[in-house]
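Here's a walk through one protein model, piece by piece. Keep the 3D view open and follow along.

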Amino acid sequence: MSILALETSTQWLSVTVGDAAGWVTRDVEVGPGHSGQILPLVQETLAEAGVSLKLLDAIAFGAGPGSFTGVRIACSVAQGLALGAGVPLVPVCSLLAIAEAARMKFSIERVCTVTDARMREVYAAAWQYQAGAWQEVMTPMVARPEEAIAYFRKTIETEENKEAWSIAGDGLVVYPELGSILPWQIAAAETRPTAQAVGALALAAWARGEAAAAAEAVPLYVRQRVALTSAERAAGEVL
(Lines give C-alpha, C1' and ligand atoms only; values in the text may rest on other atoms or scores of the structure.)
Protein backbone atom coordinates (compact mmCIF):
# COMPACT_ATOMS: atom_id res chain seq x y z
CA MET A 1 0.00 0.00 0.00
CA SER A 2 1.02 3.63 -0.44
CA ILE A 3 0.52 6.24 2.26
CA LEU A 4 1.03 9.99 2.71
CA ALA A 5 1.97 11.05 6.24
CA LEU A 6 2.10 14.54 7.77
CA GLU A 7 3.63 15.67 11.10
CA THR A 8 3.37 19.28 12.29
CA SER A 9 3.09 19.02 16.08
CA THR A 10 6.52 20.64 16.64
CA GLN A 11 8.56 23.40 15.01
CA TRP A 12 9.25 20.99 12.14
CA LEU A 13 7.12 20.36 9.09
CA SER A 14 7.57 16.74 8.03
CA VAL A 15 5.97 15.05 5.01
CA THR A 16 6.56 11.56 3.63
CA VAL A 17 5.12 9.31 0.94
CA GLY A 18 5.80 5.61 0.64
CA ASP A 19 5.28 2.15 2.05
CA ALA A 20 7.21 -0.61 3.79
CA ALA A 21 9.65 -0.72 0.86
CA GLY A 22 10.79 2.88 1.32
CA TRP A 23 9.86 6.52 1.82
CA VAL A 24 10.34 9.86 0.10
CA THR A 25 10.58 12.39 2.92
CA ARG A 26 10.86 16.14 3.29
CA ASP A 27 11.68 17.71 6.69
CA VAL A 28 11.83 21.49 7.13
CA GLU A 29 12.17 23.49 10.34
CA VAL A 30 9.50 26.16 9.88
CA GLY A 31 8.72 27.44 13.39
CA PRO A 32 5.10 28.63 13.32
CA GLY A 33 4.98 28.67 9.51
CA HIS A 34 3.33 25.30 8.85
CA SER A 35 0.20 26.63 7.19
CA GLY A 36 1.94 28.46 4.36
CA GLN A 37 4.31 25.62 3.48
CA ILE A 38 2.52 22.35 4.07
CA LEU A 39 0.58 22.05 0.79
CA PRO A 40 3.53 22.99 -1.46
CA LEU A 41 5.69 20.49 0.44
CA VAL A 42 3.03 17.79 0.03
CA GLN A 43 2.90 18.46 -3.71
CA GLU A 44 6.70 18.35 -4.00
CA THR A 45 6.94 15.10 -2.05
CA LEU A 46 4.18 13.41 -4.05
CA ALA A 47 5.83 14.51 -7.31
CA GLU A 48 9.22 13.21 -6.23
CA ALA A 49 7.66 9.88 -5.23
CA GLY A 50 5.74 9.70 -8.52
CA VAL A 51 2.46 9.18 -6.67
CA SER A 52 -0.83 11.03 -7.05
CA LEU A 53 -3.39 11.49 -4.30
CA LYS A 54 -5.77 9.17 -6.13
CA LEU A 55 -3.22 6.34 -5.93
CA LEU A 56 -2.87 6.55 -2.15
CA ASP A 57 -4.42 3.91 0.07
CA ALA A 58 -4.56 6.18 3.12
CA ILE A 59 -3.35 9.47 4.60
CA ALA A 60 -1.86 9.63 8.09
CA PHE A 61 -1.17 12.58 10.35
CA GLY A 62 0.46 13.27 13.68
CA ALA A 63 -2.59 13.96 15.82
CA GLY A 64 -0.73 15.45 18.79
CA PRO A 65 -0.39 16.26 21.53
CA GLY A 66 1.75 19.21 20.54
CA SER A 67 1.35 22.73 19.25
CA PHE A 68 -2.38 23.53 19.17
CA THR A 69 -1.98 25.28 15.83
CA GLY A 70 0.29 22.59 14.43
CA VAL A 71 -1.96 19.63 15.20
CA ARG A 72 -5.02 21.47 13.87
CA ILE A 73 -3.18 22.19 10.62
CA ALA A 74 -2.14 18.55 10.17
CA CYS A 75 -5.66 17.31 10.91
CA SER A 76 -7.45 19.79 8.65
CA VAL A 77 -5.05 19.38 5.73
CA ALA A 78 -5.16 15.59 6.03
CA GLN A 79 -8.96 15.68 6.13
CA GLY A 80 -9.18 17.90 3.07
CA LEU A 81 -6.78 15.76 1.07
CA ALA A 82 -8.46 12.53 2.17
CA LEU A 83 -11.92 13.78 1.26
CA GLY A 84 -10.68 14.88 -2.16
CA ALA A 85 -8.89 11.60 -2.82
CA GLY A 86 -11.59 9.40 -1.32
CA VAL A 87 -9.20 7.61 1.04
CA PRO A 88 -9.33 6.97 4.82
CA LEU A 89 -7.29 8.71 7.49
CA VAL A 90 -5.03 7.21 10.15
CA PRO A 91 -4.42 9.52 13.15
CA VAL A 92 -1.18 8.72 15.02
CA CYS A 93 -0.23 9.97 18.49
CA SER A 94 2.78 12.29 18.10
CA LEU A 95 4.29 11.03 21.36
CA LEU A 96 4.12 7.51 19.97
CA ALA A 97 5.81 8.76 16.79
CA ILE A 98 8.73 9.90 18.96
CA ALA A 99 8.95 6.39 20.42
CA GLU A 100 8.98 4.90 16.92
CA ALA A 101 11.61 7.38 15.73
CA ALA A 102 13.76 6.44 18.75
CA ARG A 103 13.30 2.74 18.07
CA MET A 104 14.30 3.20 14.43
CA LYS A 105 17.46 5.09 15.43
CA PHE A 106 18.55 3.37 18.64
CA SER A 107 16.76 -0.04 18.53
CA ILE A 108 15.19 0.63 21.94
CA GLU A 109 11.94 -1.01 23.00
CA ARG A 110 11.00 0.76 26.24
CA VAL A 111 10.79 4.51 26.05
CA CYS A 112 9.22 7.46 27.83
CA THR A 113 8.46 10.32 25.46
CA VAL A 114 8.31 13.94 26.53
CA THR A 115 7.79 17.19 24.63
CA ASP A 116 7.64 20.81 25.66
CA ALA A 117 3.99 21.77 26.24
CA ARG A 118 4.79 25.40 27.06
CA MET A 119 3.10 26.89 30.14
CA ARG A 120 5.91 25.27 32.22
CA GLU A 121 4.47 21.84 31.42
CA VAL A 122 5.35 18.82 29.29
CA TYR A 123 3.42 16.25 27.30
CA ALA A 124 4.47 12.81 28.49
CA ALA A 125 3.77 9.14 27.84
CA ALA A 126 5.48 5.74 28.07
CA TRP A 127 5.56 2.87 25.59
CA GLN A 128 6.84 -0.70 25.29
CA TYR A 129 7.49 -2.49 21.99
CA GLN A 130 6.36 -6.12 22.12
CA ALA A 131 5.63 -8.70 19.43
CA GLY A 132 6.14 -6.16 16.66
CA ALA A 133 3.84 -3.46 18.04
CA TRP A 134 3.91 -0.64 20.56
CA GLN A 135 1.92 -1.02 23.78
CA GLU A 136 0.86 2.01 25.81
CA VAL A 137 2.30 1.82 29.34
CA MET A 138 1.50 5.37 30.46
CA THR A 139 -1.36 7.27 28.82
CA PRO A 140 -0.41 10.59 27.17
CA MET A 141 -0.84 13.43 29.63
CA VAL A 142 0.16 17.01 30.32
CA ALA A 143 2.05 17.61 33.57
CA ARG A 144 4.61 19.74 35.33
CA PRO A 145 8.15 18.39 34.86
CA GLU A 146 8.37 17.21 38.46
CA GLU A 147 5.02 15.44 38.08
CA ALA A 148 6.20 13.77 34.88
CA ILE A 149 9.32 12.53 36.69
CA ALA A 150 7.14 11.01 39.41
CA TYR A 151 4.95 9.28 36.83
CA PHE A 152 8.00 8.00 34.94
CA ARG A 153 9.57 6.70 38.16
CA LYS A 154 6.39 4.85 39.07
CA THR A 155 6.25 3.39 35.56
CA ILE A 156 9.81 2.12 35.26
CA GLU A 157 10.10 0.87 38.85
CA THR A 158 7.43 -1.72 38.12
CA GLU A 159 9.86 -3.30 35.64
CA GLU A 160 12.51 -5.86 36.62
CA ASN A 161 15.14 -4.18 34.42
CA LYS A 162 14.86 -0.48 35.22
CA GLU A 163 17.91 0.35 33.12
CA ALA A 164 16.14 -0.92 29.99
CA TRP A 165 14.08 2.29 29.78
CA SER A 166 15.06 5.30 27.68
CA ILE A 167 13.61 8.79 27.31
CA ALA A 168 13.24 10.85 24.15
CA GLY A 169 11.85 14.18 23.01
CA ASP A 170 12.51 17.91 23.12
CA GLY A 171 11.16 18.17 26.65
CA LEU A 172 14.70 17.20 27.65
CA VAL A 173 16.06 20.37 26.07
CA VAL A 174 13.78 22.65 28.09
CA TYR A 175 13.85 20.55 31.27
CA PRO A 176 17.20 18.67 31.32
CA GLU A 177 16.46 17.29 34.79
CA LEU A 178 14.06 14.87 33.06
CA GLY A 179 17.07 13.17 31.51
CA SER A 180 19.28 12.99 34.58
CA ILE A 181 17.14 12.01 37.55
CA LEU A 182 16.33 8.45 36.46
CA PRO A 183 18.73 5.70 35.19
CA TRP A 184 17.88 6.00 31.51
CA GLN A 185 19.60 3.73 29.01
CA ILE A 186 19.48 6.54 26.43
CA ALA A 187 18.33 10.15 26.77
CA ALA A 188 17.67 11.45 23.26
CA ALA A 189 16.69 15.10 23.36
CA GLU A 190 17.04 15.49 19.60
CA THR A 191 14.48 12.80 18.74
CA ARG A 192 11.24 14.26 17.41
CA PRO A 193 8.07 12.94 15.79
CA THR A 194 8.74 12.53 12.07
CA ALA A 195 6.38 11.87 9.19
CA GLN A 196 8.29 8.67 8.46
CA ALA A 197 7.63 7.41 12.00
CA VAL A 198 3.97 8.44 11.63
CA GLY A 199 3.83 6.63 8.30
CA ALA A 200 5.36 3.42 9.67
CA LEU A 201 2.91 3.40 12.58
CA ALA A 202 0.02 4.17 10.24
CA LEU A 203 0.89 1.24 7.98
CA ALA A 204 0.61 -1.10 10.96
CA ALA A 205 -2.61 0.56 12.15
CA TRP A 206 -4.12 0.35 8.66
CA ALA A 207 -3.28 -3.36 8.50
CA ARG A 208 -5.13 -3.80 11.81
CA GLY A 209 -8.21 -2.11 10.34
CA GLU A 210 -7.81 1.07 12.40
CA ALA A 211 -8.24 3.62 9.60
CA ALA A 212 -11.09 6.10 10.01
CA ALA A 213 -13.33 8.09 7.73
CA ALA A 214 -11.90 11.54 7.04
CA ALA A 215 -14.76 13.33 8.79
CA GLU A 216 -14.17 11.38 12.01
CA ALA A 217 -10.51 12.32 12.55
CA VAL A 218 -9.75 14.71 15.40
CA PRO A 219 -6.56 16.03 17.03
CA LEU A 220 -5.32 14.62 20.34
CA TYR A 221 -5.02 17.72 22.51
CA VAL A 222 -4.60 16.26 26.06
CA ARG A 223 -4.59 19.82 27.39
CA GLN A 224 -8.04 21.23 26.77
CA ARG A 225 -7.22 24.91 27.15
CA VAL A 226 -7.51 26.80 23.87
CA ALA A 227 -6.74 30.34 25.06
CA LEU A 228 -4.42 32.22 27.43
CA THR A 229 -5.33 34.77 30.06
CA SER A 230 -4.21 38.38 29.56
CA ALA A 231 -1.53 37.93 32.21
CA GLU A 232 -0.22 34.77 30.53
CA ARG A 233 -0.04 36.48 27.15
CA ALA A 234 1.75 39.45 28.69
CA ALA A 235 4.27 37.04 30.26
CA GLY A 236 5.00 35.57 26.82
CA GLU A 237 3.33 32.20 27.37
CA VAL A 238 2.40 30.15 24.30
CA LEU A 239 -0.06 27.27 23.94
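## Starting with a pair of strands

Let's begin with A5, which sits opposite T16 of β2. That pairing belongs to β1 and β2, two antiparallel strands joined by five bridges. Between β1 and β2 there are four residues, and together the two strands make a hairpin. Bear in mind as you look around that this is a predicted model.

Carry on along the chain and β2 turns into β3 through another hairpin, this time by way of two residues. β2 and β3 run antiparallel as well, with eight bridges between them, and L13 stands opposite V28 of β3. How much of β2 is buried? Six of its eight residues are, so β2 is mostly covered, given that buried means under 20% relative accessible area.

## The rest of that sheet

Now zoom out a little. These strands are part of an open, five-stranded sheet with mixed pairing, ordered β3-β2-β1-β4-β5. The edges are taken by β3 (22-29) and β5 (89-93); each has a single partner strand, so one side of each has no neighbour in the sheet. From one strand to the next, the twist averages 15°.

The parallel part of the pairing includes β1 (residues 3-7) and β4 (residues 58-64), which are linked by four bridges. If you want a spot to find them together, look for L6, whose bridge partner in β4 is F61.

## Helices on the sheet

Which strands does helix α2 lie across? Helix α2 (residues 68-85) lies across β1, β4 and β5, and runs at about 165° to β4. Helix α6 (residues 195-207) packs on this sheet too, touching β1, β2 (12-19), β3, β4 and β5, and its direction makes about 130° with that of β1.

Helix α1 (residues 34-49) is where you'll find S35. Is S35 buried or exposed? S35 has 55% relative accessibility, so it counts as exposed. Another thing to check in the viewer: S35 and A74 are 39 residues apart in sequence, while their C-alpha atoms are 8.9 Å apart in space.

## Where α3 meets α6

Next up is a helix pair. The axis of helix α3 (residues 94-106) comes within 8 Å of the α6 axis, and the two cross at roughly 100°. That crossing makes α3 roughly perpendicular to α6.

Who does the touching? On the α3 side the contact is made by L96, A97, E100, A101 and M104, and on the α6 side by Q196, A197, V198, A200 and L201. Sorted by class, the contact has eight nonpolar residues, one polar and one charged.

## Two nonpolar cores

Now for what's inside. In soluble globular proteins, nonpolar side chains tend to be buried together. Here the largest nonpolar core has 32 residues, and those touching the most other members are A60, V90, L95, L96, W127 and W134. The elements giving two or more residues to this core are β1, β4, β5, α3, β7 (122-130) and α6.

L96 is a handy one to click on: setting aside its neighbours within four places in sequence, L96 is in contact with W127, W134 and L201. There's also a second, separate core of 27 residues, and V15, F61, A78 and L89 are among its members.

## A second sheet

The other sheet to look for is also open, with five strands and mixed pairing, in the order β8-β7-β6-β9-β10. Which strands stand at its edges? They are β8 and β10 (187-188); each has a single partner strand, so one side of each is left without a neighbour in the sheet.

At one end of the order, β7 and β8 (residues 133-143) run antiparallel and are joined by eight bridges. A124 stands opposite M141 of β8. Two residues lie between the strands of the β7 and β8 hairpin, where A131 takes a positive phi near 50°.

Over by β10, the pairing is parallel: two bridges join β9 (residues 166-168) to β10. To find that pair, look for I167, whose bridge partner in β10 is A187.

Key. Residues are numbered from 1 along each chain as its sequence is written. This is a predicted model: local features need pLDDT of at least 70, side-chain atom pairs count only at pLDDT 80 or more; totals for chains, interfaces and linings use all residues. Side-chain values use heavy atoms; hydrogens and water are left out. Two strands pair if DSSP finds at least two bridges between them. Axes are lines fitted to C-alpha atoms, for helices over the stretch in contact, and angles run from 0 to 180 degrees between N-to-C directions. Contact means heavy atoms within 4.5 Å. Buried means under 20% relative accessible area, exposed over 50%, partly exposed in between (1.4 Å probe, protein chains only). Angles under 35 degrees count as roughly parallel, over 145 as roughly antiparallel, 65 to 115 as roughly perpendicular and the rest as oblique. Ala, Val, Leu, Ile, Met, Phe, Trp, Tyr, Cys and Pro count as nonpolar, Asp, Glu, Lys and Arg as charged, and the others, Gly among them, as polar. A nonpolar core is a set of buried Ala, Val, Leu, Ile, Met, Phe, Trp, Tyr and Cys residues joined through side-chain atoms within 4.5 Å.
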